[in-house]
Amino acid sequence: MTGFLVFLVIFVILLLLIAVGTFIVYMLQGKCLFCALKHIGRGRLTVDISKEPDYDNNASTTPVMGWSSWNLLRNHIDEDAIHDTAKAMVKSGLAEAGYEYVNIDDCWQSSMRDGEGRIQADLEAFPSGIKDLCEKVNFLGLKLGIYSSNGTLTCEDMPASLNNEELDAKTFASWGIEFVKYDFCHNQKLTGRTPIIEFADISKPGERSEMRLRPDKAHYTGKARAVKCSTLPSKQGMGFLNHGAGTAEFHVDVPYSGDYIMTIHYHKTAYHKRQYLQVIVNGRVNEVHMPKGFSMSHDAKVQTVLRLDAGDNKIVFCNPIVTMADSSYMQYKRMGMALQEASRAWAEHTGNEEKPITFSICEWGFSHPWHWGAKAGNMWRTTMDITPNWWRIVSIYNKSVDLFEYSSPAHINDPDMLEVGNGKLTPDENRAHFTLWCMMAAPLVLGNDLRKLTDGSSESRFLLSVLTNKSLILIDQDPLVKAAQRIKKSPVMDILARPLANGDTAICFFNKSGKERPVEFSLDSLRDYEYLDFKRASGNYEIHDLWTDERYASTEITATVPKHGVAVFRISQ
């Protein structure tokens, strides 16, 4: 026991020495250690977005409806398969029912960017190019969507858009793309680390610097302050800008509006990791990356181009990144803004009507995008990928249904694509899957083979009857975009209810069990839920069964729900 206590004491002393040493190193590097420790908890957004406007790109305000290539074709795609699917969407009647997006998922790209650095289509599978394919799809009255990733590569290791957002957005807009799914594979998290900034020079292109932003002239907030750094020529720098610790602010007066070069001189250790700084000019964020590396010198410099306005300019140095959620928000917003600006600029350049690009954030729900997605894009994935397995569909439903309060016009929870017609789902499971997605105000993006739906078979007729159920599509596309609240949860039967724009209410009984179940439900009880705004005091209600099309008047619903099935009704007061 004595030996164990000695070992324990030595171990604790070592931990304390490591902690003290780490604290000293951070202090010497002008960083706040306690601020850095706040990164624990990847899903927690620490960046203040309360004053940020919602993402507004004039795209559709209701959930998108269409088809995506991934679930069916995966990495074996070509322009003929996409064009044939678009034609099948029209021929089958799906287009008339509201499905309009034909989205190309991963592996449409060549492994090579072109000579100007632009992303390009696979030179064999898409020999005519994406622009030509887009024109063919548009000719059918449909819209073409495309895929990239918020990473150095896509999920199938093809060229992606991280740090190429502006160029890729302009390319997509020039092709006529109207939907971009932006995945999360090979992502490189923005770091909260920021070096000591020695000073920053500002100059007009082609001229020597006339303005120097020095540490002793800054206005500091938070923990940020001027610090001593004996290894820098000036012996001083701006420190404690890391992990949201504080900011350094300057005001710069210039005679002319235009682009200016900022050269940032900073301190680095012999071996240093990637570091990051934001230079915010009059509210516009400019991102600066200090690369990972090894150096014999203690000072280094990076350059960036700033847009300054004539007169006074407010310039702020900071690094608000603390958690993974902060990084994801910043990166997805970067691409969202690039797409928004690209579509508008292309319309101005061509003189044509703008084709807004719906921006789909596919971050898999890791960083809780429902908390910040409305500031960065139009829709956001709530979970990892779906598969055509009943257990997986139910697990995604269970995660997504409780996010109902985050759904609103143009800002949509996305529980991933529909698997109706895929795998070995039973007829009741296909109906239930489609119904639940409609109740949750989810995108209706098909993943089955639309080319087979025109063969006239009994299976095709059944699938089309599910996918084109007009009454349920009206629920999904209701302009309020208020997703259903789960008003009862049990291992056997869930009850969902959703308010609709005309004052009606949609109600769904979801039988999760392995045998059919009876239900009896008093509609007057819907008044107990404030979210539903169910106001009628008493009397019969008009009840419309959305699968049988039966209509009747009553104060209650009595039904039998099949195993893994649903009963869904529209209630008019």
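Which residues does Phe434 touch, not counting residues up to four places away in sequence? In this predicted model, the contacts of Phe434 are Tyr99, Leu418, Val420, Leu444, Val466, Leu467, Asn469, Leu472, Ile473 and Trp547.

Phe434 belongs to the largest nonpolar core, which has 99 residues. Together with Trp108 and Trp437, Phe434 ranks among the residues with the most contacts inside this core. Helix α8 gives the most to the core, with nine residues. Another core lies apart from it and has 33 residues. Trp70, Val445, Ala559 and Phe569 are among them.

Open space was examined next. The largest pocket holds about 1700 Å³ of space. Its lining comprises 49 residues, and Gly283, Arg284, Val285, Asn286 and Met337 are the closest to its centre. Several elements each supply at least two residues of this lining. Two are helices, α7 (165-175) and α8 (324-350). The strands are β10 (246-254), β13 (275-281), β14 (284-290), β16 (299-308) and β17 (311-318). Here too α8 gives the most, with 10 residues. By class, the lining of the largest pocket has 19 nonpolar, 12 polar and 18 charged residues.

The second largest pocket holds about 280 Å³. It is lined by 21 residues. Trp70, Arg74, Lys181, Asp183 and Asp385 lie nearest its centre. Trp70 is also one of the residues of the 33-residue core. Helix α3 (70-73) and strand β4 (179-183) each supply at least two residues of this lining. The lining divides into nine nonpolar, two polar and 10 charged residues.

Enclosed space was considered last. The count comes to three cavities of 30 Å³ or more. About 160 Å³ of space lies in the largest cavity. Of its 16 lining residues, Phe179, Lys181, Ser360, Met417 and Val445 lie nearest the centre. Strands β4 and β19 (379-381) give two or more residues each to this lining. Strand β4 also contributes to the lining of the second largest pocket, and Lys181 lies near the centre there as well. Val445, in turn, is a member of the 33-residue core. The lining of the largest cavity has eight nonpolar, three polar and five charged residues.

The second largest cavity holds about 50 Å³. Thr382, Ser400, Val401, Phe404, Asn413, Asp414, Pro415, Met440, Ala483 and Ala484 line this cavity. Six of these residues are nonpolar, three are polar and one is charged.

Note on methods. Residues are numbered from 1 along each chain as its sequence is written. This is a predicted model: local features need pLDDT of at least 70, side-chain atom pairs count only at pLDDT 80 or more; totals for chains, interfaces and linings use all residues. Side-chain values use heavy atoms; hydrogens and water are left out. On a 1 Å grid over the protein atoms alone, a cavity is a set of points where a 1.4 Å probe fits but cannot get out, and a pocket is an open set with protein on both sides within 12 Å along at least five of seven lines; lining residues have an atom within 4 Å of a point. Grid points are joined across faces, edges and corners, and a volume is the space filled by probe spheres set on the points. Helices (H or I, at least four residues) and strands (E, at least two) are DSSP runs, numbered from the N terminus. Ala, Val, Leu, Ile, Met, Phe, Trp, Tyr, Cys and Pro count as nonpolar, Asp, Glu, Lys and Arg as charged, and the others, Gly among them, as polar. A nonpolar core is a set of buried Ala, Val, Leu, Ile, Met, Phe, Trp, Tyr and Cys residues joined through side-chain atoms within 4.5 Å. Buried means under 20% relative accessible area, exposed over 50%, partly exposed in between (1.4 Å probe, protein chains only). Contact means heavy atoms within 4.5 Å.
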